[in-house]
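Q: I am new to this structure and would like a close look at its aromatic rings. Please take me through them with care.

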Amino acid sequence: MHVQRLTGVDHRIVLLPYPQKDLFLGAVTFGKVCNDATPSSVVYQSPMIPDGTPCTVVVAHHSASGKRRLKLRGVTAPRGIDISVSYDLVVLLSPTGDTARYLTFGIERKFSCKLKFHISEENVKAQIKAINTLRTEEFSRWHPILLNSDYVALPSVNVFEIPLNEVKAECRKVLKMRRWNKEQAEVFELLRKVPGNGFAFIEGIFGCGKTLVQAALAKLITALGLQVFIVAPTSAALQAVSQVLSEVAPELRTARIVFSGAEALKNYEVQETDTLDPEIAIMSHHIDNLVSTCLSQGAGLQFTYRETLQSDLEEYCAVAEYVRLKDENFSALPRESKDKTSSESIKKERAIFRKALATLKSTVVSGLQVLLCTNQLAASDLVRQNFGVETKGIVIIADEDGQTLEPTAWLPITLLRHADDIKAILRFGDRHQLPPLAIPAFSNFSEFAPQINRSLFDRHLRQHPPAVSLNTQYRMIPDLSAFPNSYTYQDRLRDGSSCRSITLDPLFEERFVEWPKGRLPKDAMLRNDIVRRVGITVSGSVVHSDPVSCSRSNKQHVKAVRDLLMTVFKEAPYPEALIAIIVPYNAQRALYFAVIKDLKLLTKLPYAKLPRVSTVDSMQGHESDIVLLDWVCGEADGLGFLKDDRRINVGLTRARSSLIVLYNDACIEASIRYDGLQRKKRAHVSQVVEHWTELKRSPRVLELEYENDATPESASGSAVETGTLGDEAGSEGWIAESGAWERAGFVKHLPIFE
């Protein structure tokens with residue numbers, strides 16, 4: 001539905017340069033995404049498109065030479081990219097043919113454009129095929145799971161078909177890695193007795209060490225001769241597992257498959273100063289290692305190529321052709337060339353290079369011990385045809401499973417060529433965090449919205465207990481975990497012993513206490529621990545809802561946070577703590593980007609040392625020492641996007657030592673009045689309202705005043721030079737060394753190695 005809202009609508013786009021050759025960025029501002037047919041439940045939601053979604057952008061380009069419609073291939077880039085213009089969506093683009101010479105860059109030029117996404121048909125077909133395949137006798141083992149049977153009551157499976165003493169010896173090695181709690185140790189023991197015919201659900205509450213447990217599981221399973229297939233709904237979740245896995249078991253042959261081009265943009269999301277994320281270089285690491293090994297041993301990987309249907313098959317060596325052509329730039333091939341012979345020769349060389357690269361990638365995948373990819377990419381030929389060749393068994397580990405649509409969850413299981421070798425499936429998740437990216441459960445778009453929105457993980461855990469519940473959190477101080485524990489987790493959450501030793505940055509605490517004094521009554525007294533958990537309400541704040549994108553913003557909130565940050569970072573030394581600003585709306589995020597740019601100009605610090613601006617959705621799986629959580633809201637017609645308690649729970653569980661919440665006090669009465677009129681049968685009060693009420697009861701709310709016309713600088717008026725990506729963007733470190741296949745013009749919806 002989100003894709004349909006954007007298709008066929010006129011949008012505006014600004015084209016910006018990108019450090020990597022033959023690529024550039026398109027900052028898209030949405031056109032009218034709501035009409036009379038738009039369900040009321042999604043009117044106030046900006047369309048959400050997953051990272052790495054393939055698309056085509058058709059730009060209406062006007063110049064002195066005439067009007068042109070330029071078609072550009074691309075993929076949607078990660079949220080939170082810091083560029084010098086406000087936007088609703090960023091697309092990493094690659095020009096086709098000679099279109100690049102007609103493009104004009106810079107924020108002073110805005111073009112009309114249309115978006116076309118290439119996800120619906122292929123993805124739906126793959127999901128239908130997965131469900132149809134699941135119904136066959138070959139997969140009868142999983143039929144009770146599909147039919148919602150109690151998986152705990154089904155026969156248990158021992159993953160390992162080797163002597164017990166060997167299994168115990170490897171288990172002891174893993175148990176000695178660190179001091180595991182009782183529930184974490186139970187997960188390792190589960191491998192010898194997996195319920196549900198080898199299909200188990202494991203609850204992993206925030207901060208419970210779930211990612212570390214998954215990495216240790218992979219180490220244990222591979223040590224006993226099996227392969228591990230780790231899947232997740234998003235690339236961000238996989239990146240976290242990949243990073244921990246590289247620390248826990250660097251000796252393993254591991255690769256993460258991602259969408260071409262989109263991964264490189266992660267640098268801008270995290271704003272990593274002058275150095276690339278080390279994982280970016282791994283993209284070509286496996287290919288180069290394979291080529292080096294083959295060259296040293298005099299081995300070759302053969303493939304055949306036929307130029308035309310009438311031509312004879314020719315045999316080539318993949319290693320030799322890769323070495324010969326890897327530095328060629330095939331993307332510069334013109335649409336029309338006067339030298340037809342030269343043009344045909346380039347096309348043939350490009351086709352040979354593609355086949356050589358495909359042969360090398362297939363060989364690498366077949367030899368991996370651990371493979372990580374999204375559920376959707378598990379349906380790609382590269383993964384399903386090659387992973388598990390000559391395997392002794394495969395164990396699938398699904399992370400963040402509560403975010404995965406049920407048909408998508410079955411893709412890695414049913415479409416894998418060697419599905420018969422799957423020994424067990426372990427699904428980790430938290431049903432109280434973000435749901436799948438689909439129609440909201442409360443939508444009036446369809447009577448089936450609640451079912452469509454429900455994950456396989458959520459469906460089973462509503463009826464049956466988890467095989468293991470990882471319910472000891474090590475992330476935050478007990479004062480912050482108390483509310484989600486009582487409201488969301490029904491007092492099942494326990495605080496680890498290390499939580500009480502988490503400290504707050506003393507410099508941040510000192511300057512925070514200094515900040516509001518001029519805006520509070522002279523006799524006002526602040527609690528000694530106020531900085532640990534505090535609410536801020538700005539009197540007279542007004543929420544603006546964009547009539548086009550429906551995204552909300554609150555300039556008075558941004559003004560207050562800007563004032564706070566300017567106080568905290570007024571002089572060196574600066575706080576060492578990691579600070580995150582979390583918002584639910586893109587429009588508010590764009591305003592905060594301007595604040596961070598001003599802060600950078602003041603302090604001269606790299607972006608990695610400054611507060612990070614993120615949406616609630618992009619923060620799942622991440623944490624920060626200090627969180628400034630701006631709910632933005634203040635509309636008189638209810639909470640809109642914030643009615644979903646799972647999204648609120650994500651926002652409230654990211655902080656380690658300090659949580660600072662900005663909220664419009666008037667929104668409590670407005671939301672309750674709205675719910676009373678519109679949803680009389682619904683007794684539930686939103687979590688965001690309950691949390692704010694608890695803060696007021698404590699009391700922990702500061703009431704501040706800012707002028708109504710006080711506005712932060714707009715994104716376009718920030719300190720970053722017009723038409724650039726900031727002063728770091730031109731440095732050598734930002735050039736993505738992503739492998740020859742990207743330089744050869746393959747930036748489209750094809751999976752590549754990280």
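Is phenylalanine 508 buried or exposed?

A: In this predicted model, phenylalanine 508 counts as buried, because its relative accessibility is 0% and buried means under 20%. Its partner in a ring pair is phenylalanine 512, which is likewise buried at 0% relative accessibility. The two ring centres are 6.2 Å apart and the planes meet at 25 degrees, so phenylalanine 508 and phenylalanine 512 are stacked, given that planes under 30 degrees apart count as stacked. Both residues belong to helix 19 (residues 506–514), where four residues, about one turn of the helix, separate them.

This pair can be set beside another, for the structure holds 16 aromatic pairs. Among them is the pair of phenylalanine 201 and phenylalanine 457, which is edge-to-face, with 5.9 Å from centre to centre and 70 degrees between the planes. Since phenylalanine 201 lies in strand 7 (residues 199–204) and phenylalanine 457 in helix 17 (residues 456–461), the pair ties together parts that are 256 residues apart in sequence. Phenylalanine 201 is buried, at 0% relative accessibility, and phenylalanine 457 is buried with a relative accessible area of 0%. These two residues also belong to one aromatic cluster, formed by Trp142, Tyr151, Phe199, Phe201, Trp410 and Phe457.

Rings also meet charged groups here: the charged end of arginine 178 sits over the ring of tryptophan 180, 5.4 Å from its centre, and the charged end of lysine 600 sits over the ring of tyrosine 607, 5.4 Å from the centre of that ring.

Key:
Residues are numbered from 1 along each chain as its sequence is written. This is a predicted model: local features need pLDDT of at least 70, side-chain atom pairs count only at pLDDT 80 or more; totals for chains, interfaces and linings use all residues. Side-chain values use heavy atoms; hydrogens and water are left out. Rings of Phe, Tyr and Trp (its six-membered ring) pair if their centres lie within 6.5 Å; planes under 30 degrees apart count as stacked, over 60 as edge-to-face and the rest as tilted. Helices (H or I, at least four residues) and strands (E, at least two) are DSSP runs, numbered from the N terminus. Buried means under 20% relative accessible area, exposed over 50%, partly exposed in between (1.4 Å probe, protein chains only). A charge sits over a ring if NZ of Lys or CZ of Arg is within 6 Å of the ring centre and within 35 degrees of the ring normal.
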